[in-house]
Amino acid sequence: APRLKALSNRFVLGEKEIIGGDCRITVTIEEDSLYHPKIQLRFFIDERLLSLYREDEGLAQRPYSNSYHKVEMYFDRLEWDMDEPVMKLSNLQAGDVNPVVLESFNFYRDERFDQLQGMDDSNVLYVLKKMWERSDHQEEFWIEEVAQYLRMELHQCKLLMMEMTIMGFVNYDLEEGRVKFEKRMFDYINARGGFIDYDIIRFVSVAEEENARLNLLNQDLELYGVRPILLSDSQKVVLFPAGGFMVLKEDRDFNFGGTIQAGRFDFMGRDFFFEYKNFRINMNTIDSMKFLVPSFEADEYGRRELVPIKNKLQDMTGELFIDKPNNKSSRAVFPEYPIFRSGNDSYVYWDDRRIFNGVYDRSRVYFHVEPFEIDSLDSFETEGLAFNGQFYSGDIFPMFEEDLKVMRDYSLGFIKTTPST
């Protein structure tokens, strides 16, 4: 199968270049595709360079639909030097003004639903669904029928259907004058009613040159200049990709390094892998885990502020379970999430300057922490937190088993009566 297919009613064939207006574009990605209904195409014959451009009006404003990575993609320009196995994606105006945005196929936000609220407080999505039900689930309608049902002027209705086509709720074919209701319309109604799960995953890339590269050998989509990624607002899980770099894989899985904020915990490291289906992150190299705890004393209003712990757990692997896999929207409440499970031993050192001026050398004095699990990362009690393991003190004492807890000075430690010698 060809890697890229362009269909149009008009191509201009020149000696040096081929120009295609209003093309339907399909880029093949394994069994899937990257598709857009209205793109301007230029192919420079000698350079074997293909350039696609998405205009900012009408149907062209629709995002590209990517069924392999399962994201809608808002970007202006795709360039492919056909001697290279890579397509470069970017926007015309680079930087903050105009980020490239990718949204999960299952993305939903109340604000977007509310954009379609009419003056009379009825949402047009509900009205169209009622029309569909009354017609005995008809596939398509004439634009005149829709206007009549919505009690709108035909001209106004055409504008509205165009806008809803750009948003992906309907497909309005201007030439035929037909309107087809899309799956997304029903998904949005069901997400609003709490009947189906959804997610809030979007990737925002702010870059000076290219924002992304599609690798045609392994289908990886590399993203640059990526802003913090919110995976769950109710479980408070945010990712900060190091250097703004991440690699998107099939069905919204992705690789990244950097910092994961989960509730009151921060995990820093590299070689992290987010699994969309299981809604968890596998962390192969955690350099450090730091966290905040509610203060022991409440203030005069009964509030306990969050205080950072002075030392951190280091050199570990683990898994972070963000929420139940069928509850990515957190519409049901499972307070035990997020859950962190460490996969191997980890270590706590006392060589930080804030602890006795860092006199304890890490190669001699350290605590070896056994694998552990902590749940409710956003709401645990300070007193209830304990890490089981062994304390090594160089030659001062023999090794002994102990539980590491949060001390009154907000460092991890323990109190032990030493044997009298």
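Tutor: Contact means heavy atoms within 4.5 Å. The model discussed here is predicted.

Student: Leaving aside neighbours within four places in sequence, which residues is Asn211 in contact with?

Tutor: Asn211 sits in the loop between strand S14 (202-205) and strand S15 (212-215). With sequence neighbours within four places set aside, its contacts are Leu89, Ser90, Asn91, Val100, Ser205, Val206, Glu222, Leu223 and Tyr224.

Student: Is Asn211 buried or exposed?

Tutor: Buried means under 20% relative accessible area. Asn211 has a relative accessible area of 2%. By that cut-off, Asn211 is buried.

Student: How far apart in space are Asn211 and Leu223, C-alpha to C-alpha?

Tutor: Leu223 is among the contacts of Asn211. The two are 12 residues apart in sequence. In space, their C-alpha atoms are apart by 6.0 Å.

Student: On to the rings. How many aromatic pairs are there?

Tutor: Ring centres must lie within 6.5 Å for a pair. By this rule the count is 30.

Student: What kind of aromatic pair do Phe113 and Tyr126 form?

Tutor: Their ring centres are 5.5 Å apart. The planes meet at 65°, and planes over 60 degrees apart count as edge-to-face. The Phe113 and Tyr126 pair is therefore edge-to-face.

Student: How many residues apart in sequence are the parts that this pair ties together?

Tutor: Phe113 belongs to helix H1 (residues 110-114), and Tyr126 to helix H2 (residues 124-134). Phe113 is buried at 1% relative accessible area, whereas Tyr126 is partly exposed at 40%. The parts tied together are apart in sequence by 13 residues.

Student: What is the angle between the planes of Phe340 and Phe372?

Tutor: These two rings form a tilted pair. Their centres are 5.9 Å apart. The angle between the planes is 55°.

Student: Where does Phe372 lie?

Tutor: Phe340 is in strand S24 (residues 339-342), 32 residues away in sequence from its partner. Phe340 is buried at 0% relative accessible area, and Phe372 is buried at 10%. Phe372 lies in the loop between strand S26 (365-369) and strand S27 (373-374).

Student: Which residues do ring pairs link into a cluster?

Tutor: Phe340 and Phe372 are among the members. The full cluster is Phe265, Phe267, Phe291, Phe340, Phe372, Phe380 and Phe387.

Student: Which residues have the most contacts inside the largest nonpolar core?

Tutor: That core has 78 residues. Its largest share, 6 residues, comes from strand S21 (residues 280-294). The residues with the most contacts inside the core are Phe267, Ile281, Met289, Phe291, Leu320 and Phe387.

Student: How many residues does another core, apart from it, have?

Tutor: This other core includes Val146, Leu150, Phe181 and Ala191. Its size is 32 residues.

Student: What is the strand order of the open sheet of 3 strands?

Tutor: The pairing is antiparallel. The edge strands, each pairing on one side only, are S11 (140-142) and S12 (170-173). The twist from one strand to the next averages 20°. The order is S11-S13-S12.

Student: Which residue has its charged end over the ring of Trp142?

Tutor: Strand S11 joins strand S13 (residues 178-181) through 3 bridges. Across that pairing, Trp142 stands opposite Arg178. The charged end over the ring is 4.2 Å from the centre. It belongs to Arg178.

Student: At about what angle does H2 run to S13?

Tutor: H2 lies across S11, S12 and S13. Helix H4 (residues 154-166) also packs on the sheet, touching S12 and S13. H4 makes about 125° with S12. For H2 and S13 the angle is about 95°.

Student: Which residue takes a positive phi in the hairpin of S19 and S20?

Tutor: Strand S19 (residues 254-262) pairs antiparallel with strand S20 (residues 265-275) over 8 bridges. The hairpin has 2 residues between the strands. The positive phi is near 60° and belongs to Gly263.

Student: Which residue in S21 does Phe273 stand opposite?

Tutor: On the S19 side, Phe273 in S20 is the bridge partner of Asn255. S20 and S21 pair antiparallel over 10 bridges. In S21, Phe273 stands opposite Asn282.

Terms used: Residues are numbered from 1 along each chain as its sequence is written. This is a predicted model: local features need pLDDT of at least 70, side-chain atom pairs count only at pLDDT 80 or more; totals for chains, interfaces and linings use all residues. Side-chain values use heavy atoms; hydrogens and water are left out. Rings of Phe, Tyr and Trp (its six-membered ring) pair if their centres lie within 6.5 Å; planes under 30 degrees apart count as stacked, over 60 as edge-to-face and the rest as tilted. Helices (H or I, at least four residues) and strands (E, at least two) are DSSP runs, numbered from the N terminus. Buried means under 20% relative accessible area, exposed over 50%, partly exposed in between (1.4 Å probe, protein chains only). A charge sits over a ring if NZ of Lys or CZ of Arg is within 6 Å of the ring centre and within 35 degrees of the ring normal. Two strands pair if DSSP finds at least two bridges between them. Axes are lines fitted to C-alpha atoms, for helices over the stretch in contact, and angles run from 0 to 180 degrees between N-to-C directions. A nonpolar core is a set of buried Ala, Val, Leu, Ile, Met, Phe, Trp, Tyr and Cys residues joined through side-chain atoms within 4.5 Å.
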